[in-house]
Amino acid sequence: MDNAVYVALGRQAGLRDEMRLVANNVANMSTAGYRREATLFSEVIARLPVEGGSVSMSRARVRVTDFAPGIAEATGGALDLAIDGSGFFRVETPAGERLTRAGAFLQRADGSVATAEGHVLLDAGGAPVVLPPGASEIAVGADGSVSVDGRPAARLGLVAPADGAALIRETGQLFEATGPVEPVETHLRQGFLEGSNVSPVTELARMIAVQRAYEAGQRALEQEDQRVRTAVRTLAGTA
Amino acid sequence: MRALKIAATGMQAQQTRVEVISNNLANMSTTAYNPRRAEFADLHYEQSRRPGTVNAADGSVLPTGVQLGLGVRTSAVTMEIAQGSLRNTGGDLDLAIEGDGYLEVLLPTGLSAFTRDGALKRDADGLIVTSDGHPVIPEITVPADARAISINADGEVYAYFDDQVEGRQLGAFALAGFANEKGLEAMGGNLYRETAASGAPEIGEAGRDGRGVFRQGFLEDSAVDAVREITRLIEAQRGYELNAKVITAADQMMAASAQIR
């Protein structure tokens, strides 16, 4: 008959996970292109041996990524690109193609455009973007057209996962699509970087809520402990 | 309680940010200094349930999984390439570079370094050197009896003498361009070293192929924008405090669990 304890423990385990997630969001509040995460608690119904009896428990097993846009900060960099609206850049990594919204790119010595971690940016057709090395002026239009010293050089395209494809988070603000991706309308802003979409106030409020809920669970456990003790003492006294 | 360690990575990141900002502010009067920017990346995710896994109970596909983030790390500290404003100094060997390009200087080790700091001087032999005494390549020596020196936009150096009407050309400064300026390695003293990431320097005449031009009598100011740095500093400080709050909260949750009898 320890159901009350299990209900409280299940809730606390979920809250610990949620705390970890809040910590991760707060830690990444300055990570360009980071998307905040949230948990969803779901109900698990356990049947009890008594006729028609059941107990409801909660489990934090689902995580959702909040794809709301972050605030764009003006940096003035020619290859700092912020995405206006939805969509992702495509980059090539050793593990395959990945999606990202972190738009701080650099031009490498061979002319290819890559992230600070060396993942090469892919254009609308899926080929690596290569700009003439030593270019003095790189202009990126809102529609993704790149011109170097006045001559067209590349065309960037944004993609989004097609229906049914999920995104797996990876280090470096990368996402792996589990299914096909499809091109979406491209709106870019040159000279801006999209920040993290973590709102410090919201996270702080969630953190307090989690902490208090955790303490409430703790009190429920203590009272249950007290109840069992009293029961044992009373029953032992009468026997 | 992983939240403790995750918040610690967050505090570390914000601390790195404050360090980068303080270095920028310290260099807000350094000739031709380019501000740096700390960039962060989220750490690895523990994939405890991958999205797209088939749910054994009813065969449906999970639309989202369970991925536990482990915090943040510094991915790069990049140079923000920007032209600083030009300050009129009137010095005949003060050279500002307007546009792209670096002056090549010779280090005592025999290797080349690159700089945009054009506060040049003459040494005892009349050789044109940087403030630290490194000769500028190509080496140009100003004769002791020269009355005045004039350097034009293309970097050609002319000396004028008392007994001559026309100036004599002593040589010409060249500019070095890089495919990836941000890949240069900062050596301190406003000097940069070529790396595999920056590519080899392309040295040529100023004002050609996208290279900048020289402005005699000017120096390039630091490109640090104090207002932007201060707003970033405020953000970083609040971020640090917020991460510290997470540590406190996680600690209190642990304390609550530890009270169990």
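1. Let's start with the small sheet in chain A of this predicted model. Three strands form an open sheet in the order β10-β11-β12, and their pairing is antiparallel. The edge positions go to β10 (138-140) and β12 (151-155) of chain A; each has a single partner strand, so one side of each is left without a neighbour in the sheet. From one strand to the next, the twist averages 25 degrees.

2. A closer look at one pairing may help you find your way in the viewer. β10(A) runs antiparallel to strand β11 (residues 145-148) of chain A, and 3 bridges join the pair. For a concrete landmark, look at Ile138(A), whose bridge partner in β11(A) is Val148(A).

3. Now for a helix pair that involves both chains. Helix α1 (residues 3-27) of chain A packs with helix α2 (residues 226-258) of chain B at an angle of about 165 degrees, and the axes are 9 Å apart. Angles over 145 degrees count as roughly antiparallel, which is why α1(A) is described that way relative to α2(B). The crossing of these helices, α1(A) and α2(B), is left-handed.

4. Which residues make the contact between the two helices? On the α1(A) side they are Met19(A), Val22(A), Ala23(A), Val26(A) and Ala27(A). From α2(B) come Leu242(B), Asn243(B), Val246(B), Ala250(B) and Met253(B).

5. It is worth checking the chemistry of that contact too. The residues joining α1(A) with α2(B) comprise 9 nonpolar and 1 polar, with no charged residue among them.

How values were computed:
Residues are numbered from 1 along each chain as its sequence is written. Chains are lettered from A and ligands numbered from 1 in the order in which they are written. This is a predicted model: local features need pLDDT of at least 70, side-chain atom pairs count only at pLDDT 80 or more; totals for chains, interfaces and linings use all residues. Axes are lines fitted to C-alpha atoms, for helices over the stretch in contact, and angles run from 0 to 180 degrees between N-to-C directions. Helices (H or I, at least four residues) and strands (E, at least two) are DSSP runs, numbered from the N terminus. Angles under 35 degrees count as roughly parallel, over 145 as roughly antiparallel, 65 to 115 as roughly perpendicular and the rest as oblique. A crossing is left-handed if the near helix is turned anticlockwise from the far one by less than a right angle, and right-handed if clockwise. Two residues are in contact if their C-beta atoms, placed from the backbone, lie within 7 Å. Ala, Val, Leu, Ile, Met, Phe, Trp, Tyr, Cys and Pro count as nonpolar, Asp, Glu, Lys and Arg as charged, and the others, Gly among them, as polar. Two strands pair if DSSP finds at least two bridges between them.
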